[in-house]
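Please read the sequence and the coordinates below alongside the explanation that accompanies them. The account moves from the arrangement of the chains to individual strands and residues.

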There are 2 protein chains.
Amino acid sequence: MTSGELEAYLHHQIPISRAMEVSVLDPGPARIVLGAPIGPNTNHRSTAFGGSVSTLATLAGWALVHRRLQEHGRAAHVVIQNGAIEYRSPITTDFRATCDTLDQVGWRRLLRGLDRHGRGRVRVSVRIEAEGTAAAHFTGAYVALGS
Amino acid sequence: MTSGELEAYLHHQIPISRAMEVSVLDPGPARIVLGAPIGPNTNHRSTAFGGSVSTLATLAGWALVHRRLQEHGRAAHVVIQNGAIEYRSPITTDFRATCDTLDQVGWRRLLRGLDRHGRGRVRVSVRIEAEGTAAAHFTGAYVALGS
């Protein structure tokens, strides 16, 4: 799956990602990097709107789990179970979300759960950067459901 | 401030709220109720996209703090510091976010901080419902900055 294919998939399946003008900078599976321009994602302070920042992170985490399951030949749907975000500094430029840290023990447990019970769960972290500086940090738990 | 005024403010200042077709059902200040149609907020499963659900909650929490500060005659900017959301059940219809619980001790501390140091912080909870059923729960901390 190329960056263009993942981007088209997101824009088609999740209309808000198109409104946010989300771009795929790295389609994985080793790591996912998503970008968003500040333009459509501003708030009343002309900084990045927290909802957009959180949404970009949510998508990056989802994409990492989705892409790694594809690589492991598992046909599963991935849904988010919970998410937490800490906003560290205001973002005044385009920003990106990078997800590459997937706990290996958790990942093996997810695959085992999926194979045995048709359902597994894993936790991921996503860092959000603007101009190369960490601006927010997100963690989320995703559930894979066998289909 | 009427529902229409708050809605126009959100749509103008935060373009993603317009893309999400966010509506204001109760403009506060006692409580905030925001609605979103499922149409522009779906995901690949034809359920509500987690990013949209989290964003609606983020906006509801922000609006409650913003409106109550206005009622108390404080000219302050409100920004989100952190947020956490638990998704409890898939949403297949239009949904709404209600924010009315503001810890009174925390609220007095925020006003005191704002008056003394130009800065205060408060924690709020938001419930997300679809067809009258609780579907997600959000908590967030917001910071008010004197202007």
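The following paragraphs treat the symmetry, the interface, the sheet and finally one loop residue.

The model is predicted. Two copies of a chain are related by a rotation about an axis and a shift along it. Here, chain A is superposed on chain B by a rotation of 180 degrees with 0.0 Å of shift along the axis, at an RMSD of 0.0 Å. The two copies are therefore related as by a two-fold rotation axis. Within chain A, the residue that comes closest to this axis is A:Ala84, whose C-alpha atom lies at 2.0 Å.

The contact between the chains takes 30 residues from chain A and 30 residues from chain B. On the side of chain A that touches chain B, the elements that give two or more residues are α2 (15-19), α3 (50-71) and β3 of chain A. The largest share, 10 residues, comes from β3(A). By character, this side of chain A divides into 13 nonpolar, 15 polar and 2 charged residues. Because 100% of the interface residues of chain A are also interface residues in chain B, the copies meet through the same surface.

Strand β3(A) also has a pairing across the interface. It is joined by 5 bridges to strand β3 (residues 76-87) of chain B, and the two strands run antiparallel. In this pairing A:Gly83 stands opposite B:Ile85 of β3(B).

What order do the strands of the open sheet follow? The sheet has 12 strands with antiparallel pairing, in the order β1(A)-β2(A)-β4(A)-β5(A)-β6(A)-β3(A)-β3(B)-β6(B)-β5(B)-β4(B)-β2(B)-β1(B). Its edge strands are β1 (23-27) of chain A and β1 (23-27) of chain B, each of which pairs on one side only. On average, and with direction ignored, neighbouring strands of this sheet are turned by 25 degrees against each other. Helix α4 (residues 104-117) of chain B packs on the sheet and touches β3, β4 (95-102), β5 (119-130) and β6 (133-146) of chain B. The direction of this helix makes about 145 degrees with that of β5(B).

Within chain A, the pairings can be followed strand by strand. Strand β2 (residues 32-36) pairs with β4(A) in the antiparallel sense over 5 bridges, and A:Ile32 has A:Cys99 of β4(A) as its bridge partner. Strand β4(A) pairs in turn with β5(A), again antiparallel and over 5 bridges, with A:Thr101 opposite A:Ser125. Strands β5(A) and β6 (residues 133-146) of chain A run antiparallel and are joined by 12 bridges; here A:Glu129 stands opposite A:Ala134. The hairpin of these two strands has 2 residues between them, and A:Glu131 takes a positive phi near 50 degrees.

In a regular strand the side chains alternate between the two faces of the sheet. Strand β5 (residues 119-130) of chain A shows such alternation. A:Gly120, A:Val122, A:Val124, A:Val126, A:Ile128 and A:Ala130 point to one face and are buried. A:Arg119, A:Arg121, A:Arg123, A:Ser125, A:Arg127 and A:Glu129 point to the other face and are not buried.

The last stop is a loop residue. A:Pro90 lies in the loop between β3 (76-87) and β4 (95-102) of chain A. A:Pro90 counts as partly exposed because 13 other C-beta atoms lie within 10 Å. Its C-alpha atom is separated by 10 Å from that of A:Ala134, a residue 44 residues apart from A:Pro90 along the chain.

Key. Residues are numbered from 1 along each chain as its sequence is written. Chains are lettered from A and ligands numbered from 1 in the order in which they are written. This is a predicted model: local features need pLDDT of at least 70, side-chain atom pairs count only at pLDDT 80 or more; totals for chains, interfaces and linings use all residues. Helices (H or I, at least four residues) and strands (E, at least two) are DSSP runs, numbered from the N terminus. A residue is buried if 20 or more other C-beta atoms lie within 10 Å of its own, exposed if 12 or fewer, and partly exposed in between; C-beta atoms are placed from the backbone. Two residues are in contact if their C-beta atoms, placed from the backbone, lie within 7 Å. Ala, Val, Leu, Ile, Met, Phe, Trp, Tyr, Cys and Pro count as nonpolar, Asp, Glu, Lys and Arg as charged, and the others, Gly among them, as polar. Two strands pair if DSSP finds at least two bridges between them. Copies are superposed by least squares on the C-alpha atoms of residues with pLDDT of at least 70 in both. Axes are lines fitted to C-alpha atoms, for helices over the stretch in contact, and angles run from 0 to 180 degrees between N-to-C directions.
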